[in-house]
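Thanks, everyone. I would like to talk through one structure this morning, beginning with a single helix and then stepping back to the domains.

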Amino acid sequence: MAEREHVRVAVIGSGFGGLGAAVRLRREGVTDFVVLERAGSVGGTWRDNSYPGCACDVPSHLYSFSFAPHPDWPRTFSGQEHIRAYLEHVTDVFHLRPHIRFDSEVKMMTWDGEKLRWEIETSSGSLSADVVVSATGPLSDPKVPDVPGLDSFPGKVFHSARWDHDYDLRGKRVAMVGTGASAIQIVPAIQPEVGRLTLFQRTPPWVMPRVDRAISGVERALHRALPFTAQARRGLLWGIRELQVQAFTKHPNELGFVEQLAKRNMARAIKDPALRAKLTPDYRIGCKRILLSSTYYPALARPNVDVVASGLSEIRGSTVVAADGSEAEVDAIIFGTGFHVTDMPIAERVVGAEGRTLAEAWKGGMESLRGACAAGFPNWMTIIGPNTGLGNSSMILMIESQLNYMADFLRQLDVLGGRAALDARTSAVDAWNTRVQERMKRTVWNTGGCTSWYLDPSGRNTTIWPGTTTEFRRATRQVDLSEYELLRAPAEQKTEVDA
Ligand SMILES: Cc1cc2nc3c(=O)[nH]c(=O)nc-3n(C[C@H](O)[C@H](O)[C@H](O)COP(=O)(O)OP(=O)(O)OC[C@H]3O[C@@H](n4cnc5c(N)ncnc54)[C@H](O)[C@@H]3O)c2cc1C
């Protein structure tokens with residue numbers, strides 16, 4: 001019988017996290033790795049979200065890898081197709097395709113404590129790996145609410161992240177459910193073509209103008225000829241966002257003046273006081289993600305749009321019914337209802353050293369050491385793990401910090417030699433999370449008077465990093481061995497690691 005394939009590192013996912021990990025592994029001289037991707041192409045978020053109007057909320061020169069600058073970004077805020085093309089380009093430039101296994105969904109991973117390795121079952125076969133780097137994405141598995149009657153709705157239903165491009169929306173009566181980051185991009189994109197649009201809004205978002213423009217040929221030529229100008233641009237974009245962090249994390253009251261700007265943005269487009277009242281949030285700006293759009297409010301003011309300030313509660317035949325009793329007959333329902341975030345789906349597919357799944361270990365809420373490693377799951381780390389999200393800046397900065405940590409983790413294993421594994425100590429995980437949650441107490445995400453997808457069902461914020469990206473960069477520069485237990489193959493002894 002053929003030997004089961006074994007690799008040093010198995011990376012799961014080929015979005016920014018997985019591709020970034022692949023490049024970093026190469027840079028570290030690790031070539032014995034695979035990238036397991038359930039879809040048929042790279043791109044993650046930017047492959048799956050192809051809805052009309054899909055674009056990034058962070059300027060392109062910051063929302064890209066520091067090691068793969070792109071002087072030719074066409075707009076200040078890139079659209080989905082450009083970011084997807086960028087990731088395809090990165091895949092080719094760094095010659096990553098030979099490592100990627102497409103159509104390979106990871107079904108289960110089990111820690112083998114004898115051999116100190118992960119046994120991995122995928123939809124295209126099985127393999128084992130010394131180390132698993134899970135980059136399955138924080139916003140990767142769409143969440144559709146369990147609405148009574150949905151199953152018998154006779155029309156078209158889809159989620160924003162699984163857009164059905166074959167369905168012609170022209171002239172249709174459409175229900176858009178949700179008013180989050182995706183919905184506010186979709187609404188102005190489809191409003192001109194649909195017959196009637198009914199927007200179900202449980203909570204209104206704060207929306208700031210989006211200052212988007214084409215990047216001129218002169219700017220692009222300058223960035224190509226003098227790469228430091230693109231770096232300076234990135235630095236400026238990063239610095240501005242870094243300076244905003246204190247207001248979010250320590251002084252939420254300072255955000256009051258931003259609310260005035262957002263209200264002005266609304267007042268410019270919405271003249272009807274009743275509609276303005278419906279659209280005005282009653283919580284502190286920043287508590288939920290601040291959204292950027294200069295076209296959302298103008299679209300809502302159009303005569304073919306109805307805003308229902310209430311959640312969708314029931315579907316009766318082709319009639320959608322809101323919690324406040326209002327009804328509309330529709331041909332299609334589009335869910336812009338977000339993703340499984342605090343219940344990370346991959347956690348159900350990882351069985352650790354104690355025979356329980358990561359989902360079971362995280363029953364009381366997700367927590368990891370430095371956003372990467374959970375106790376009892378040796379040599380397994382997450383890119384964009386618990387409390388690594390950002391409310392105001394580029395997630396690529398956090399991903400690159402976690403890649404530094406990954407690289408040092410592998411280096412430490414090399415230095416330790418032999419068959420070894422590192423398992424985060426429960427005490428270290430607890431200490432890290434106590435610090436994170438202590439800092440969280442004063443933040444706008446916890447004190448701003450809203451519920452959001454940042455919070456888990458118990459109200460704990462397990463998604464956002466309550467500090468600057470610089471602080472996170474520092475915290476993930478190196479692996480502190482005293483935070484880990486060293487595991488040796490049974491022939492050798494289980495040893496305590498002293499730093
Ligand atoms: C619409 C939208 C807009 C966004 N805008 C911004 C923004 O403006 N700024 C910002 O910083 N962030 C934004 N984000 C967040 C964005 O998700 C991150 O910035 C980043 O793209 C995440 O990269 P990732 O590689 O971690 O995850 P993803 O891009 O989600 O990639 C995960 C990959 O893992 C694969 N995968 C998942 N499970 C399995 C499995 N079991 N087996 C094999 N493969 C699997 C998926 O198919 C996917 O390809 C946005 C997200 C969305 C959805």
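Let me begin with what packs over helix α1, where the cover of the buried residues includes the strands β1 (5-12), β2 (33-36) and β6 (125-134), together with the helices α3 (80-93) and α11 (395-416). I should say at once that this is a predicted model. The residues of α1 that are buried are F16, G17, G18, L19, G20, A21, A22, R24 and L25, and because 9 of its 12 residues are buried, the helix is largely enclosed by the rest of the structure. As for its geometry, α1 runs over residues 16-27 and spans 16 Å from its first C-alpha to its last, which is close to the 16 Å expected at 1.5 Å a residue. After the helix comes G29, which has a positive phi, near 85°.

Now to the domains. The domain assignment divides the chain into domain 1, made of 5-141 and 340-496, and domain 2, made of 150-211 and 239-335. Taken over C-alpha atoms, the centres of domain 1 and domain 2 are 30 Å apart.

How many residues of each domain are in contact with the other? There are 28 from domain 1 and 28 from domain 2. On the side of domain 1 that touches domain 2, the elements giving two or more residues are α13 (444-447) and α14 (469-475), and α13 provides the largest share, with 3 residues. By residue type, that side of domain 1 consists of 9 nonpolar, 15 polar and 4 charged residues.

Technical notes: Residues numbered from 1 in each chain as written. Predicted model: local features only at pLDDT ≥ 70, side-chain atom pairs only at ≥ 80, totals over all residues. Domains from an automatic or database assignment. Contact = placed C-beta atoms within 7 Å. Helix = DSSP H or I, 4+ residues; strand = E, 2+ residues; numbered from the N terminus. Nonpolar A, V, L, I, M, F, W, Y, C, P; charged D, E, K, R; others polar. Expected span 1.5 Å × (residues − 1). Buried ≥ 20, exposed ≤ 12 C-beta atoms within 10 Å, placed from the backbone.
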